[in-house]
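Please find below my notes on the model, set out as numbered points for reading beside the coordinates.

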Amino acid sequence: MQNYMCGMGMYRGHFTGTGDPLAGSDQADNLILNLPLITHENQTRAQRTVRTQSGRPQTAVHSPHHNQFTTNMAALANATGGAAAEVDEKLYSRQLYVMGHEAQRRMMASRAVLIGMSGLGVEIAKNIILAGISSVSLCDPSPATSFDLGGNFYLKRCREWKGRAELVREKLAELNEYVKVDVANVGSLNDAVGLLNIIQGSSVVVVTIPLPTSLLCDINDKCRADGACFINTLATGVFGTVFCDFGESFVVSDKDGENPSTSQVETILTSNPATVKVLEDQGRHGLETGDRVTFSKVRGLDGMLDDSKATYEVNVTGPFTFELVGVDCSNCSEPASQGYITQVKTPVTMSFKTYREAIVDHGELMMSDFAKFDRPPLLHLAYRALAAYAESHDMEYPNPGDMTAANGVLELAKSMDDEKIINSSAAERIILHLASGSRSILSPMCATLGGIVGQEVLKACSGKFTPINGFFYFDADECLPDSPLPSAEVSPCGSRYDSNIAVFGREAQQNLLDLNYFLIGAGAIGCEMLKNWALMGVACGPKGKIHITDMDRIEKSNLSRQFLFRNSDINEFKSATAARAAQAMNKEMNITPYQEKVGPETEALFGDDFYDKLSGVCTALDNVEARLYVDQRCLFYHLPMLESGTLGTKGNTQVVIPHVTENYGATRDPPEKSIPVCTLKNFPNMIQHTLQWARDWFEGEFKQSAEDVNSYLSNPNYAATLSGQQNTKAETVMNIRKTLVDERPVSFEDCVVWARLQFEKLFNNQIRQLLFNFPEDQVTSTGAKFWSGSKRCPKPLIFNLEDKCDDANMRNHFDFIVSAANLRAQMFGIKGRNDERYFVEVLQNVIVPDFTPQDGVKIASTDAEAKDDTNAGTSGEMMESEVEAILEGLPKPGELAGFKLNPIEFDKDLDDHMLFVTACSNLRALNYSIPTEDTHRSRAIAGRIIPAIATTTALVTGLICLELYKIIGTSRKELKIDAYKNGFVNLAIPFMTLSEPTPPAKTKAIVKGQEWNWTAWDCVDMNIGDITLAEFIQYFEKEYNLDVSMISHGVSILFSFFANKQKVEERKKMKMSEVVTSITKKDFPPNQLFITFEIIANDMDTDEEVELPYVRYRFR
């Protein structure tokens, strides 16, 4: 399975970055759902009127859980002066594209109670506090133990005089200033009454530590009575369990978080029922029979589908066609020719069993690994036996390596096994391992389950996404030896690594301490990885070392996911800050931060001598190109690579093991589709097109033009520089004259006038010229309408300062003028203004020249014509003498000494930049009758923002670190490929699948009569010193019986049978490194140890060509 980009990154395989990055965003907020959405007008009503999909009002009754939502929203409204709390879009920027504003507001009105603050409890607390729920009450008066240090990143040592909740409260509260974190007043976990009392007023209760089954049932019952959701979860060694009960009737507003299917109308026939055909070049409609859709901007059908709020049921008749059930269009005078179709997502209601019911009759169990289809029922039985054991031993689990106790758990399981689940030694092994390691609290398991359960808490608070219904079991028993290790190897010794030792033994722990790893990226995944490694002890021994690099600095939007950072760290380098935070968790960690990009340009730093000392590489990158480069480094140095990525609630992991699995780059996605030039310039039909056009205009007008002027002013030989830009030479000098002379402002008023004239040029004059060239009734040479299909006939806009668009409800005319004028002023170093009265006064006096469309203006109507125009450029229409005359007419640089423009680089996180791009895009969308978008959604599309949330990040890093346990070596067991797991998860559904990696592809070669099946991991490794070319050739004759006919290094041929004989003889006497430097004219960096060669050779006996891998030649 391919994967996708992390943290900021994009998907590969199932989900790609080429798609809309807004799956699970605010689209659902704007739908008319059969769900009682919370509003401050009716916070205390148990009933409200909602609109059904047919458009008729009806009365809907809240479920108990949504009554709790209503109560919480009312309390929040009262606290904020009667209005719903504002969402901090800067902080929750990436998360809002996952949850949406409405779900975020619900979370901000919810309270969670967490019982148990060991590793799993603090992990869940971290995730939901970062997500921004209103308040979290921590309950755990128990003192910390050395086992807790394996998973609780806010414990530095065991302090007997404070409970775990009190020890971590302050650090958790620092994660999010908007979230109240308190410690519940419960003196003991044996205080059943106290535990039941803290449930009141909560939205969800989560139990993360062992409690008696009867007490768990009582807590669950109390949650049911109070309308709160109940979650019970445990992490015991490499095994874990989750149970969810969200009540008898829990309403899910958005079951999967996917964007509603959208498509464009090609035709809607005047038939009964109406038959819709969508544009095939936009893809399949993606609908199913019974779905409901809305229409907008439909042309034709006598306006029958003009109501964009009305919904229609569909009957699918093909991948590009469907019928509108009950809609008779047979009396319409004309069919519809264009329009937009949007699927309406409908809520679903789920029913859950209580813990009391499910413990006896678990029903269907969610799978995580289909290679272990029989595992969930076995673990259900094992956990029942473990609970029974604990209840008879003062709620204490067996000590590590205590096989008497472990066998006691096994016997209890057998006594409960009515279905004969324990039918093999393999099943018994699982129960024994579970029992033996049950006290162990492993950071990767806490991260994995903490991500899953954290998202379940957010589902309970928001009603968004499908919860786990009942039990879910997870295990990573592939990490474990065939049988439990002896007590002497796993017994606790008061070390912070007791949890690791309890499961994997002391030898494995030492291997972790001695690791040398390169972590590339210190964003969300990088932070979570460092946290896990600090608790695992990675590179915390004298021989160990972590190198971490990231070029980026910390921004506010990072704080909702990258939990090692605080407000005070904003603008600091991520890598250095993350390194300090990790060392604060474990002062023994040896870590060196860098602020360098990993690529060919930094091989002087990250070169042969650097990689030669590494144990492996872990990527936390945000682009495929960098991943592919690192992948090649890992192939060359035979290093394992741990790869992971997220896209909203989706995540994936890939483990790359030398010679065992395929490398990351072995399978690649198709390249991202670009928008055709012709579509961008003249025929947009989607908001993505208009946003890209607006971004391009921003870059050209506010960045490129300023850079061109600065180049002219700073370069005495500017004319000579232009000689190499024949296609764009004339356009460049004309833009310089326009910016520096014709339209140069001296006051802010000039900037406002310029913005008004640009409006007229872009959204009126150019459209009128386009319609002059291609009138509305234009037909093609085949007689078809020119303006049909994906070509939408535009209309010019008339400037109106008060105009608002219907879809986004934005004042695009006004916003364009204000933002364009201020950006123009910024570029010229003029102070800007934003007061509306000033703009109104200035705009009243602007004289807009009349425009008359002209004959002879060429406008490309096809992609081929557009490309020809681009290649030809403006220079072809101007004489060289005219270009030189323009240059001569420009002010001389000496006349403008000290003058310099400020180029403006587009930044999606700057509101003034996004206001301009959104307004500019929406105005062009209005030209072409394309639905407009608000700034929030436009930011995601134009900025290519990847949705992200802390829960998914925690989960994927947990899965990756479980693979690291395997890489360091499992005691008394040699792992094969089926022990390693690649993972794919979607927390919204929820769905998880772990699968065996793909082995590397093999290439067959016959060497000395023997078959050699080599892979991308293989090379011909030569470590015999820096020998001569003649000795190199002789080496292959002697060792491989091969006659070498060609040797190359990169693009340089070093030796070939057809080369000049004299040169060949000269080179044969030279050392291989000297041959390379003599041809490439470049010296080797001092840290380079290897040279790679490609050879062509034939078998000396058969004269057949033998295909070989590259040669890795160590010359130092």
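1. Cys-678 sits in helix 20, which spans residues 677–682, in what is a predicted model. This cysteine is the residue covered by the "active site" annotation in UniProt, taken from an unreviewed entry. Its relative accessibility is 6%, and Cys-678 therefore counts as buried, the limit for that class being under 20%. Leaving aside residues up to four places away in sequence, Cys-678 touches Phe-683, Ala-860, Ser-861, Thr-862, Asp-863 and Ala-866.

2. On confidence, the protein has an average pLDDT of 90, and 91% of the residues score at least 70. Residues 1–71, however, have a pLDDT below 50, although this stretch makes 227 contacts in the model beyond near neighbours in sequence. A further stretch, residues 73–83, also stays under 50, and here the model has 16 contacts beyond four places in sequence. Where pLDDT is low, the predicted coordinates should not be read in detail.

3. A search of the whole structure finds 54 salt bridges, and a few of them are described here. Asp-218 and Arg-356 meet through their side chains in one such bridge, with an N to O distance of 3.8 Å. The pair links distant parts of the chain, since Asp-218 belongs to helix 8 (residues 213–226) and Arg-356 to helix 9 (residues 355–358), 138 residues apart. Both partners are partly exposed, Asp-218 with a relative accessible area of 36% and Arg-356 with one of 41%.

4. Another salt bridge joins Glu-601 and Lys-597, whose closest N and O atoms are 3.5 Å apart. At 52% relative accessibility Glu-601 counts as exposed, because that class begins over 50%, whereas Lys-597, at 43%, counts as partly exposed.

5. How far apart in sequence are the parts that Arg-939 and Asp-911 tie together? The side chains of these two residues meet in a salt bridge with an N to O distance of 3.1 Å. Arg-939 lies in helix 30 (residues 935–942) and Asp-911 in helix 29 (residues 911–927), so the bridge ties together parts that are 28 residues apart in sequence. The two ends differ in burial class: Arg-939 is buried, with a relative accessible area of 10%, while Asp-911 is partly exposed, with 42%. Elsewhere, salt bridges that share partners join Asp-369, Lys-372, Arg-375, Arg-429, Asp-475, Asp-477, Glu-478 and Lys-981 into one network.

6. According to UniProt (unreviewed entry), residues 980–1111 carry the annotation "domain: Ubiquitin-activating enzyme E1 C-terminal". Over this range the chain is 22% helix and 37% strand, and its end C-alpha atoms lie 29 Å apart.

7. Phe-370, Ile-989 and Phe-991 make a nonpolar surface patch of about 280 Å². Of these residues, Ile-989 is placed in the loop between strand 24 (982–986) and strand 25 (991–995), and Ile-989 is partly exposed, with a relative accessible area of 41%.

How values were computed. Residues numbered from 1 in each chain as written. Predicted model: local features only at pLDDT ≥ 70, side-chain atom pairs only at ≥ 80, totals over all residues. Heavy atoms only, no water. UniProt positions renumbered as here; feature names shortened; annotations may be inferred. Helix = DSSP H or I, 4+ residues; strand = E, 2+ residues; numbered from the N terminus. Buried < 20%, exposed > 50% of the residue type's maximum accessible area, 1.4 Å probe, protein only. Contact = heavy atoms within 4.5 Å. pLDDT = per-residue confidence, 0-100. Patch = residues over 30% accessible without salt bridge, like charges linked within 9 Å, V, L, I, M, F, W, Y side chains within 5 Å. Areas by Shrake-Rupley, 256 points an atom, 1.4 Å probe, with all protein chains shown as cover. Salt bridge = Lys/Arg side-chain N within 4 Å of Asp/Glu carboxyl O.
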